[in-house]
Amino acid sequence: QVLLVESGGGLVQAGGSLRVSCAASGGTFSRCAMGWFRQAPGKEREFVAAISRSGDSTYYADSVKGRFTISRDNAKNTVYLQMNSLNPEDTAVYYCAAAPFRVGPLTSTRQYDYWGQGTQVTVSS
């Protein structure tokens with residue numbers, strides 16, 4: 001069982017930056033590929049970014065490529081999502097997710113076994 005707790009969400013103006021974090025406990029973090037997803041009101045949860053167990057490989061949705069950066073610190077059991085050049089379309093609840101022992105570009109919600117409770121990110125115009 002892996003417990004995930006997101007933090008760092010908030011309100012930011014368009015063009016601004018924000019970093020959200022996800023702290024993991026209860027399992028072996030270094031054995032988990034990690035991902036970030038987001039869900040806006042009335043929309044399905046969508047893939048944002050993913051990172052391999054070692055951190056050597058990262059994957060991004062086209063909508064955030066070049067603006068967002070996913071990273072992880074296995075010593076701190078934490079994964080991060082640095083978000084730059086934010087726009088109102090990035091407004092959503094952001095969720096982190098863990099996929100133990102899986103490899104590859106994990107872009108589907110079905111590929112993840114554990115989820116955090118989410119953190120709200122609101123970008124004002």
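Over the ring of which residue does the charged end of R72 sit? The charged end of R72 sits over the ring of F29, with 4.4 Å between that charged end and the ring centre. The structure is a predicted model. The briefing below covers its nonpolar core, its cysteines, its aromatic rings, its salt bridges and one loop residue.

**Nonpolar core**

- The largest nonpolar core has 37 residues.
- Within this core, the residues that touch the most other members are L4, M34, W36, L81, M83 and Y94.
- At least two core residues come from each of the strands β3 (18–25), β4 (32–39), β5 (46–51), β7 (68–73), β8 (78–83), β9 (92–100) and β11 (119–124).
- Strand β9 gives the largest share of the core, with six residues.
- L81 is in contact with L18, R19, V20, W36, V48, A49, F68, T69, I70 and Y94, leaving out residues up to four places away in sequence.
- Two of the residues touched by L81, W36 and Y94, are themselves among the core members with the most contacts to other members.

**Cysteines**

- The structure has one disulfide.
- This disulfide joins C22 and C96, whose sulfur atoms are 1.9 Å apart.
- C22 belongs to strand β3 and C96 to strand β9, so the bond ties together parts of the chain that are 74 residues apart in sequence.
- The link between C22 and C96 is right-handed, with 45° about the S-S bond.
- Both C22 and C96 are buried.
- C32 is buried as well, at a relative accessible area of 3%.
- Why does C32 form no bond with the closest cysteine sulfur? The closest cysteine sulfur is that of C22, and it lies 10 Å from the sulfur of C32, which is too far for a bond; a disulfide needs the two sulfur atoms within 2.5 Å.

**Aromatic rings**

- There are four aromatic pairs in the structure.
- F37, F47, Y112 and W115 are linked into a cluster by ring pairs.
- Y95 has the charged end of R45 over its ring, 3.7 Å from the ring centre.
- For R72 and F29, named at the start, the distance from the charged end to the ring centre is 4.4 Å.

**Salt bridges**

- Four salt bridges are counted in the structure.
- R38 and E46 form a salt bridge through their side chains, with 2.6 Å from N to O.
- The two ends of that bridge differ in exposure: R38 is buried, with a relative accessible area of 6%, whereas E46 is partly exposed at 36% relative accessibility.
- R38 also forms a salt bridge with D90, and here the closest N and O atoms are 2.9 Å apart.
- R38 is in strand β4 and D90 is in the loop between β8 and β9, so this pair ties together parts that are 52 residues apart in sequence.
- D90 counts as buried, at 1% relative accessibility.
- K65 and D62 form another salt bridge, with 3.2 Å between their closest N and O atoms.
- D62 is exposed, with a relative accessible area of 67%.
- R38, E46, R67 and D90 are joined into one network by salt bridges that share partners.

**R67 in the network**

- R67 lies in the loop between β6 (58–60) and β7.
- Is R67 buried or exposed? R67 has a relative accessible area of 16%, and buried means under 20%, so R67 counts as buried.
- Leaving out residues up to four places away in sequence, R67 touches Q82, M83, N84, S85, L86, N87 and D90.
- Among these contacts, D90 is also a member of the salt-bridge network, and M83 is one of the core residues that touch the most other members.

**T28**

- T28 is placed in the loop between β3 and β4.
- The relative accessible area of T28 is 38%, and the residue is partly exposed.
- T28 and S54 are 26 residues apart along the chain, and their C-alpha atoms are separated by 12 Å.

Methods
Residues are numbered from 1 along each chain as its sequence is written. This is a predicted model: local features need pLDDT of at least 70, side-chain atom pairs count only at pLDDT 80 or more; totals for chains, interfaces and linings use all residues. Side-chain values use heavy atoms; hydrogens and water are left out. A nonpolar core is a set of buried Ala, Val, Leu, Ile, Met, Phe, Trp, Tyr and Cys residues joined through side-chain atoms within 4.5 Å. Buried means under 20% relative accessible area, exposed over 50%, partly exposed in between (1.4 Å probe, protein chains only). Helices (H or I, at least four residues) and strands (E, at least two) are DSSP runs, numbered from the N terminus. Contact means heavy atoms within 4.5 Å. Rings of Phe, Tyr and Trp (its six-membered ring) pair if their centres lie within 6.5 Å; planes under 30 degrees apart count as stacked, over 60 as edge-to-face and the rest as tilted. A charge sits over a ring if NZ of Lys or CZ of Arg is within 6 Å of the ring centre and within 35 degrees of the ring normal.
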